Amino acid sequence: MTTLDEALAGLPDYDPNQMTVEVARAIIARTASPVSAIEQVAVRSALGRVLGRDVVSPLDVPAFENAAMDGYAFAGTALAAGGAIRLRVAGRSFAGHPFDGVTAHGECVRIMTGALLPAGCDTVIPQEQVQREGDTEIVTFDAAAVTPGRHVRHVGEDLAAGHTALHAGKRLRPAALGLLASLGVAEVPVRRRIRVAFFSTGDELRSVGEPLAPGNLYDSNRYTLFGMLQRLGVEVLDLGVVRDDPQAIEDTLRTACREADAVITSGGVSVGEADFTREMMTRLGNVVFWKMAMRPGRPFAFGELESEGKRALLFGLPGNPAAVMASFYHLVRDGLFVLMGAEPQVTPCLPVPTATAIAKRPGRTEFLRGILAADAQGRWQVTVADAQSAGILRTMSEANCFVTLGTERGDVAAGELVDVIAFDGLV
């Protein structure tokens, strides 16, 4: 893991009390280092895992020339005559059951998609473009309907033997599993799953199933954090609700540091009299910044913990539910990807007109909950959700995107373009 001093070196505009989103992301990315342990897992168990080493193709894909269409295979030299081409069907070639003869001049072979291209053939005419002469094995077509070499998949066209099929750092998705299977690869080297410990702080919090006394509320943050972490495919360690007691918080942080690669807390990082989490973070490690120039999510601490020679990244999230989710997706998530050893995960940010005006003051980045939908003419537009308070989780559930307004942006008029990050694929 890079030291925090190394991570801060050369960064402009470092202000721990007013950290910009861009600088915060840079510090987090520089501080996190990928876990080193690599293990072999079966391809069926590799979904979502991060590839630990390059996978080199042991064979050509495809391994033989085959038809890309259902039709008739023949020698492309027959097209030189032009006009109407008339060929006799010499046999059939199906996937797994190739034609074992050799086509002669004036002959073709009925062929199905994926079937081995017969000897003497280099072109396929789609079946829709030929006419059969009654019930005979004669087909005719116009020479202009196809060019020599068309509708054929060549050896190694997809991937040549000895070439890198997948690079280290790739998160394996369904297409990658299919690619590995096409190469005959049964097991792949992946980095071990990172372990992330998380807990909530607050005497007022109760877990689901416990009775509520006056002034109590149910802890939602652990459930949203659990869901967000599960989607990333990490090992989660839920340490529950920790009361507002310095010793209890310190003990929990030490446990989390010893057992996890990253620690996430929610609550206790503001300036309230009972907010002890930040104090304990500083005692056990080094907190680099604790206030963000963003909304929601201004109270956000980042640094590292150390306990009994073990180090862990530390993310101190606010207590408000919507702020927890915004902080996680725009700051924590990328840091965890670095720890996982994954290649950068670029989230598409698309310009979309806003249906309504948005009040915004320059000086901070804002992540507003939005609803992206098509208007009556089928054009995409975004509407800002009706309630943007950091404590309101309902609109986070109803929204399907973030509307991102950069630090320097001010008020936005209806119809202006705003940057939108769709939840689909992100959450």
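V384 is found in strand β24 (residues 380-384), where helices (H or I, at least four residues) and strands (E, at least two) are DSSP runs numbered from the N terminus. At 18% relative accessibility, V384 counts as buried; buried here means under 20% relative accessible area, exposed means over 50%, and partly exposed is in between (1.4 Å probe, protein chains only). Keep in mind that this is a predicted model, in which local features need pLDDT of at least 70, side-chain atom pairs count only at pLDDT 80 or more, and totals for chains, interfaces and linings use all residues. Residues are numbered from 1 along each chain as its sequence is written, and side-chain values use heavy atoms, with hydrogens and water left out.

**Two buried residues and their surroundings**

- Setting aside neighbours within four places in sequence, V384 is in contact with T356, I358, L368, R369 and G370, contact being heavy atoms within 4.5 Å.
- V384 is 138 residues from P246 in sequence, and the two C-alpha atoms are 40 Å apart in space.
- H151 sits in the loop between β9 (138-142) and β10 (152-153).
- With a relative accessible area of 18%, H151 is buried too.
- Beyond its neighbours within four places in sequence, H151 touches N66, A67, A68, M69, V124, P126 and V146.

**How the chain is divided**

- There are four domains to get to know: domain 1 (4-37 + 192-340), domain 2 (40-61 + 157-191), domain 3 (66-153) and domain 4 (350-422). Their bounds come from an automatic or database domain assignment.
- Taken over C-alpha atoms, the centres of domain 3 and domain 4 are 56 Å apart.

**Strands around β26**

- Strand β22 (residues 350-353) runs antiparallel to strand β26 (residues 417-422), and four bridges join them. For two strands to pair, DSSP has to find at least two bridges between them.
- One of the matches here is P353, whose bridge partner in β26 is L417.
- Strand β25 (residues 401-405) also runs antiparallel to β26, again with four bridges.
- F402 has I421 as its bridge partner in β26.

**An open sheet of six strands**

- Six strands line up in the order β7-β4-β6-β5-β9-β8 to form an open sheet with mixed pairing.
- At the edges are β7 (123-126) and β8 (131-132), each pairing on one side only.
- Strand β4 (residues 71-74) pairs with β7 in the antiparallel sense over four bridges, and A73 has V124 as its partner in β7.

**β21 and its partners**

- Six of the eight residues of β21 are buried, so this strand is mostly covered.
- β17 and β21 run parallel, joined by five bridges, and A262 stands opposite L313 in β21.
- β20 and β21 run antiparallel, with seven bridges between them; S307 is matched with K310 in β21.
- These two strands, β20 and β21, make a hairpin with two residues in between, and E308 in the turn has a positive phi of about 55°.

**Rings and a charge**

- The count of aromatic pairs comes to seven. Rings of Phe, Tyr and Trp (its six-membered ring) pair if their centres lie within 6.5 Å; planes under 30 degrees apart count as stacked, over 60 as edge-to-face and the rest as tilted.
- The rings of F302 and F315 have centres 5.3 Å apart and planes at 45°, so this pair is tilted.
- F302 lies in strand β20 (residues 299-307) and F315 in strand β21 (residues 310-317), so the pair ties together parts that are 13 residues apart in sequence.
- F302 and F315 are both buried.
- F289, F300, F302 and F315 are linked by ring pairs into a cluster.
- R110 lies over the face of Y72, 5.1 Å from the ring centre. A charge sits over a ring if NZ of Lys or CZ of Arg is within 6 Å of the ring centre and within 35 degrees of the ring normal.

**Two helices with a buried side**

- In helix α6 (residues 277-284), the buried residues are T277, M280, M281 and L284.
- They cover an arc of only 105° around the axis, which puts them on the same side of α6. The arc is that of the directions from the helix axis to the C-beta atoms.
- Among the elements covering the buried residues of α6 are β13 (195-201), α5 (246-259) and β18 (285-291).
- Helix α3 (residues 174-182) has A176, L177 and L180 buried.
- Those buried residues fall within an arc of 100° seen down the axis of α3, so they line one face of the helix.
- P174 and A175, on the other side of α3, are exposed.
- Just after α3, G184 takes a positive phi of about 80°.
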